[in-house]
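Biologist: Could you pick one part of this protein and take a close look at it with me? I'd also like to hear how that part fits in with the rest.

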Amino acid sequence: MNVSLTVWLLTVAALCVLVAVDFFIGRKPHDVSLKEAGTWTVVWVFLAVLFGVGLWYFGGSGSAGEFFAGYITEKSLSVDNLFVFVLIMAKFAVPSQYQQRVLMVGVVMALVLRTVFIAVGAAVISTFSWIFYVFGAFLIWTAWKLVQDARKEAHEDEYQENKLLKMAERRFGVADRYHGTKLFVVENGKRIMTPMLVVMLAIGSTDVLFALDSIPAIYGLTQDPYIVFTANAFALMGLRQLYFLIGGLLRKLVHLSYGLSIILGFIGVKLVLHALHESGVHVPEISIPFSLGFIVLVLAVTTFTSLRVSKKQETEEAARRATGSR
C-alpha cells in the first residue's frame with residue numbers, strides 16, 4: 001500500500017484517541033465484571049474488523065487479507081502471553097481492583113516499544129533482503145522451543161524478575177505495600193517506587209521479549225509497515241479486557257502453545273521460501289489467503305482439542321473426588 005504521511009498521522013491520532021477513551025473508562029480502580037470485559041472485547045474486535053473492511057475498500061483484498069492474517073496471529077500470540085501476565089499478577093499480589101490499571105499502562109508501553117521494533121524491522125528489511133532467512137530460522141527455532149516449554153508445563157513456573165527490573169528495584173527501592181495507583185511515594189525522606197510501578201515495568205519489559213517472535217511473525221505475512229503497525233495495535237488494545245474475560249479459560253487452553261508453535265513454524269517456512277524466491281530460486285510461495293485459512297484452522301482445532309481435553313480432565317477429577325468421599 002502507498003500510505004501517505006497524512007494517513008499515517010490520522011491513524012496514529014485515531015489510535016491515541018481510542019487509548020485515551022479506554023484509559024478514561026478504566027481510570028477508576030474497580031473489579032472488572034465479565035459483562036464489562038465481554039462488551040469491550042466485542043467493541044475492540046468490531047473496530048478491528050471495521051478497519052480491515054476499510055482496508056479492503058481502499059487498498060484491495062490483498063491488503064485486507066494481510067491485515068486479518070496479521071491481526072489473528074498477533075491476537076493469538078497475545079492470548080498466550082496472558083499466561084505470563086497471570087503469573088506476574090500473582091507474583092506481585094496485585095489487588096483485583098488495580099489489575100486493569102496495570103494492564104492498561106502495560107499495553108501502552110508495549111504499543112510504544114513495538115512501534116520502535118516495527119520501524120527498525122522495516123529499515124532492516126529494506127536494506128538487507130537476507131534478513132528473511134534470519135527471521136524464518138528464528139521463528140522455526142521459537143516454534144520448537146514452544147513445544148519443549150509446553151511439554152515441561154512451563155506456564156506453571158513462577159515468574160522470575162528480569163535483570164532490568166532487579167536493577168531498578170535496587171536503584172530506587174520498593175515500598176512494602178500498594179499505595180493506591182501511586183507510582184512513587186516518599187518514605188524516610190527518600191522517594192521510592194511502589195509495587196504498582198514495579199508490576200507495570202514487569203508487564204512492559206516482558207512484552208519486549210514477546211515482540212521478538214511476534215514482529216518477525218507478522219513480517220512473514222506482510223512487509224507493509226502500515227499493516228504491521230495497525231495489526232499489532234488492534235491486537236494489543238483489546239488485551240486488557242480479554243485478560244478479564246478469559247482469565248479462567250486460560251488454564252483450559254492446554255494445547256494453545258502447540259497450535260502457536262505450528263503457526264510460527266509455518267510462517268518461518270513461508271519466510272524462508274520468500275527469501276529463496278527473492279534470491280532467484282524457483283520455489284513456490286505461500287499465498288495470503290492460504291496463510292489466513294491455515295492460521296484460522298489451526299486455532300480452531302487447537303481450541304476444540306484443548307476444551308475437550310480439559311473437560312475430560314475435569315470429569316475424571318470429579319469422579320476421583322466422588323470415589324474418595326465415599
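Modeller: Let's start with aspartate 207, which sits in helix α7, residues 195-219. Helices here are DSSP runs of H or I with at least four residues, strands are runs of E with at least two, and both are numbered from the N terminus. Keep in mind that this is a predicted model, where local features need pLDDT of at least 70, side-chain atom pairs count only at pLDDT 80 or more, and totals for chains, interfaces and linings use all residues. Residues are numbered from 1 along each chain as its sequence is written, and side-chain values use heavy atoms, with hydrogens and water left out.

Is aspartate 207 buried or exposed? Its relative accessible area is 3%, so it counts as buried. The cut-offs are under 20% for buried, over 50% for exposed and partly exposed in between, using a 1.4 Å probe and protein chains only. Beyond the residues within four places in sequence, aspartate 207 is in contact with Ala110, Arg114 and Leu236. Contact just means heavy atoms within 4.5 Å. Glutamate 316 is another story: 109 residues along from aspartate 207, with 36 Å between their C-alpha atoms.

Now follow Arg114, because it leads to glutamate 74 in helix α3, if you go by the contact rule of heavy atoms within 4.5 Å. Not counting residues up to four places away in sequence, glutamate 74 touches Arg114, Ser214, Ile218, Ala231, Asn232 and Ala235. Glutamate 74 is buried too, at a relative accessible area of 1%. Its C-alpha is 16 Å from that of glycine 121, which is 47 residues away along the chain.

Helix α7 has a link to the nonpolar core as well. That name covers a set of buried Ala, Val, Leu, Ile, Met, Phe, Trp, Tyr and Cys residues joined through side-chain atoms within 4.5 Å. The largest such core has 83 residues, and Phe67, Phe85, Ile88, Phe92, Val94 and Val102 touch the most other members. Valine 102, once neighbours within four places are set aside, contacts Met89, Val94, Met196, Val199, Met200 and Ile203.

A loop joins α3 (61-91) to α4 (99-127), and alanine 93 is in it. Its phi is near 50°, a positive value in a residue other than glycine. Most residues other than glycine have a negative phi. With 55% relative accessibility, alanine 93 counts as exposed. Alanine 14, in helix α1 (residues 5-25), is partly exposed at 40%.

Stepping back, the protein has eleven helices and two strands, in the order α-α-α-α-α-α-β-β-α-α-α-α-α. Its radius of gyration is 21 Å, close to the 20 Å that the globule rule gives for 326 residues, so the protein is as compact as a globular protein of that length. That radius is taken over C-alpha atoms, and the rule is 2.2 Å times the number of residues to the power 0.38. Buried residues make up 46% of the 326. Among contacts with a separation of 6 or more, 78% are between residues 24 or more positions apart. The contacts of aspartate 207 with Ala110, Arg114 and Leu236 give you a local look at how parts of the chain meet.
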